[in-house]
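Me: I would like to go through this model with you step by step, beginning with how its parts pair and ending with a single side chain. Please reason each point out before you give the value or name.

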Amino acid sequence: RRLVSASRRSIDEADRRLAHLAGRASAADPGRAMARGWSITRAVDGSVLRSAADVTPGAALLTTVADGTIRSTVVPLDGDSP
């Protein structure tokens, strides 16, 4: 009886831990963030852009949103040098 009881507790604890880890993995899923309106922008070489300083006018960008990918080209803002 003790062995069966200990086995059940062990399985219950493993189930709780697995559910906890699954929740953490789900929270980190980029697809969930994109569904809330976020996007991921990359240079054409695949590197993720983290700053406007990472690009120059004329650079091609790929932006991934919840339902697809958008290709764009960087243009200078008014008043910026070309």
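Reply: Before we begin, two strands count as paired here if DSSP finds at least two bridges between them. Please also keep in mind that this is a predicted model.

Me: Over how many bridges do strand 1 and strand 2 pair?
Reply: Pairing requires at least two bridges. Among the bridge partners, Arg-42 is matched with Leu-62 in strand 2, and Ile-40 is matched with Thr-64 in strand 2. Strand 1 and strand 2, the latter covering residues 60-65, run in the antiparallel sense, and the number of bridges between them is four.

Me: Which residue in strand 3 stands opposite Val-65?
Reply: Strand 2 and strand 3 are also paired in the antiparallel sense, over six bridges, and together they form a hairpin with two residues between them. Within this pairing Thr-63 faces Ile-70 of strand 3, while the residue of strand 3 opposite Val-65 is Gly-68.

Me: Which strands stand at the edges of the sheet, and why is one side of each left without a neighbour?
Reply: The three strands make up an open sheet with antiparallel pairing, and their order is 1-2-3. An edge strand has a single partner strand, so one side of it has no neighbour in the sheet, and the strands in this position are strand 1 (40-43) and strand 3 (68-73).

Me: By how many degrees are neighbouring strands of this sheet turned against each other on average?
Reply: The sheet is open and its strands follow the order 1-2-3. With direction ignored, the average turn between neighbouring strands of this sheet is 25 degrees.

Me: How many residues of strand 3 are buried?
Reply: A residue is called buried when its relative accessible area is under 20%. Strand 3 has six residues and is hardly covered, the count of buried residues among them being zero.

Me: Is Ser-7 exposed or partly exposed, and which backbone oxygen does its side chain reach?
Reply: Ser-7 belongs to helix 1, which spans residues 2-27. Because its relative accessibility is 34%, Ser-7 counts as partly exposed. At 2.9 Å, the side chain of Ser-7 reaches the backbone oxygen of Leu-3.

Terms used. Residues are numbered from 1 along each chain as its sequence is written. This is a predicted model: local features need pLDDT of at least 70, side-chain atom pairs count only at pLDDT 80 or more; totals for chains, interfaces and linings use all residues. Side-chain values use heavy atoms; hydrogens and water are left out. Buried means under 20% relative accessible area, exposed over 50%, partly exposed in between (1.4 Å probe, protein chains only). A polar contact is a pair of N or O atoms within 3.5 Å; within protein, one must be able to donate a hydrogen and the other to accept it, and residues adjacent in sequence count only if both atoms are side-chain atoms. Axes are lines fitted to C-alpha atoms, for helices over the stretch in contact, and angles run from 0 to 180 degrees between N-to-C directions.
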